[in-house]
Amino acid sequence: MTNRHALIVALSVVALVLLAALPAFAEKFYVQLFTKILIMAIFAMSLDLLVGYTGLVSFGHAAFFGFAGYLLALVTPQYQAASLWLSLAIALAGSALLALAIGALVLRTSGVYFIMVTLAFAQMLYFLFHDTKIAGGSDGVYIYVRPLATIAGWRPFDLENFVHYYYVVLALAVATFLLLSRVLASLFGGVIVGIRVNEHRMRSLGYPTFRYKLACFVLSGTLAGLAGYLATVQFGFVNPDMLGWHLSGSVLLMVILGGMGTLIGPALGALAMLVLEIAFQALPVVGAVNIGKHWQLLMGGFIVLVVLALPNGLIGLLEARPRREEVFRE
Amino acid sequence: MNEAVLVTEGLTRYFGGLAAVDGVSIACERGRVHAIIGPNGAGKSTLVNMLSGDLVPSSGRVTLRGADITGVAAHRISRLGIGRSYQKTNIFLPFTAFENCRLAAQSRLASSMRFFRPARAYRTLAEAAERALAAAGLDARGDMPAAALSHGEQRQLEIAMTLATEPEVLLLDEPLAGMGADESARMVELLRGLRASHAILLVEHDMDAVFSLADRLTVMVNGAVLAGGSAEEIRANPAVQEAYLGEA
């Protein structure tokens, strides 16, 4: 283990302790902000499995995020709570099936075409919910009561309680991180990274690469569905924007900004983008200029700066040298 | 007479109107090296690409141990026991030499849809990778990133990876390309050692290596077979001298 590696592990432990202690010292606003950051971190990690590890740049990842949210909205009775276990299982299974169907088609393309076709499928889903009366059409629909978690009559936690909800999301974000770390170190993980580096040679070594890419696409889509489900529970609301290209682009930016091909990078990207959005919006009016109102201009400048100064993303701040993979990537 | 393992009959591939390979019939036998020689553009690599499944033939047949494998996909061909190396080094540059070979050995598992157990916990894969590295003379280089190896070592790794898939037939596309004299000599020794246990199809421009290794030669010109025979027969063939050896 190198010193840098040890530093990253130490920083991760400190970050985890701080996150666990957050509700003890932070106001409700910040606990909810960090709930959202952790949800977006799950979303960004799921996308990085495709972009950074398998080399498949998806520009339609919001499709799975939003679809899981819509499934929760559709199975929730109007003024009653849905079962957490049942609705979560439906949302995850639904996004997995959607990823299987879309993946089976889009993975026949590669490169720029892959970017375009993933975008096209996500936009088809967007307009399906936007232009029909399903779940309130373009207005979306509210979920008045959050899902209920009961085990044989006992309620281990209450999702209406923002602190409880924060811990549920934190636990799931950590679980996602550990799951993906484990998968990436497995035989399957070796295959998908091999596909990114040299898919042609993988085929000539005897790997049917399509089915590995498809499995990866389904895993990624399912985890994006988990994030979408959690976001829907938090905001109590779904609308077609959850499926749109704007969100697909934002999460792709988080991955690139934080550092592709790592798991901590995308989480850092989610943190940076959501915190800066609020920080920039809070900037004061100077003379006739309302700086906060033009926060997107500042965000754009920040992104340009990071891309120029840190080609490996924010995670590059923690790494002495560029990663081996980056140096030799053709 | 050894048994022919890999046989082609009238194998042809068109690119547009051009026949890059035109009616080639050859056979590879276990324990023998069958060399394909010919000037650039003769269709040698196209022939290898059809045998490895990288290209689908326009017509003709390929059989492996009597079974028709014409047009079968590359990953299936590999699993049937035909391994190939590439003219242009085609390895996983960011991975170590060991990881390259382990990934190659891993391809022999029925499936790599194994999501939880760490890859390094598979002892048999590690041993297979070490064996392949040793067979190719790279045992001291296992922990080096492939990108940091010398050109000759990368060529050896290319062979090591192919060996890690435990093929019965080896398709070697210019294994000596770009090598210095010492590296070439070592590679020739390596290939000589592989002959007994494999059927080898060798495409190579280095005539010294070809004549020292090959049991049988096929000379290709403009996609077609000009002549075939033992090294002595080819050397003595006036048409070959005129068309190919004379130029070289």
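Here are four short exercises, with worked solutions, on a predicted model with chains A and B.

**Exercise 1: the overall build of chain A**

Work out how many helices and strands chain A has, and whether its radius of gyration agrees with that of a compact globule.

*Solution.* Start with the secondary structure: chain A comes to 12 helices and 4 strands. Next, take the length. For 330 residues, a compact globule would have a radius of gyration near 20 Å, and chain A has 20 Å, so the two agree. Now check the dimensions: the C-alpha trace spans about 55 × 50 × 45 Å along its principal axes. Then look inside, where 45% of the 330 residues of chain A count as buried. Finally, turn to the contacts in chain A with a separation of 6 or more: residues 24 or more positions apart account for 75% of them.

**Exercise 2: a helix with a kink**

Find where helix 1 of chain A kinks, and decide whether this helix is largely in the open or buried.

*Solution.* First, get the helix in view. Helix 1 of chain A covers residues 3-25, which is 23 residues. From first C-alpha to last it reaches 32 Å, close to the 33 Å expected at 1.5 Å a residue. Walk along it to A:Leu19, and you'll meet a kink of about 30°, shortly before the proline A:Pro23. Last step: count the buried residues. The number is 0 of 23, so helix 1 of chain A lies largely in the open.

**Exercise 3: where the chains touch**

Name the helix of chain A that gives the largest share of the side touching chain B.

*Solution.* Begin with the head count: 23 residues of chain A are in contact with 26 residues of chain B. On the chain A side, helix 6 (162-184), helix 7 (187-204) and helix 12 (324-328) each supply at least two residues. Helix 7 of chain A gives the largest share, with 10 residues. Sort that side of chain A by class and you get 11 nonpolar, 6 polar and 6 charged residues.

**Exercise 4: two positive phi angles in chain B**

Locate B:Arg65 and B:Asn222, and say how exposed each one is.

*Solution.* Some background helps: most residues other than glycine have a negative phi. Yet B:Arg65, not a glycine, has a positive phi of about 50°. Look for B:Arg65 in the loop between strand 5 (59-64) and strand 6 (67-68) of chain B. Having 14 C-beta neighbours inside 10 Å, B:Arg65 counts as partly exposed.

Now for B:Asn222, which isn't a glycine either and has a positive phi of about 50°. B:Asn222 sits in the loop between strand 10 (216-221) and strand 11 (224-229) of chain B. With 16 other C-beta atoms within 10 Å, B:Asn222 is partly exposed.

Technical notes. Residues numbered from 1 in each chain as written. Chains lettered and ligands numbered in written order. Predicted model: local features only at pLDDT ≥ 70, side-chain atom pairs only at ≥ 80, totals over all residues. Contact = placed C-beta atoms within 7 Å. Nonpolar A, V, L, I, M, F, W, Y, C, P; charged D, E, K, R; others polar. Rg over C-alpha atoms; globule rule 2.2 N^0.38 Å. Buried ≥ 20, exposed ≤ 12 C-beta atoms within 10 Å, placed from the backbone. Expected span 1.5 Å × (residues − 1). Bend = angle between axes of the 7 residues up to and from the residue.
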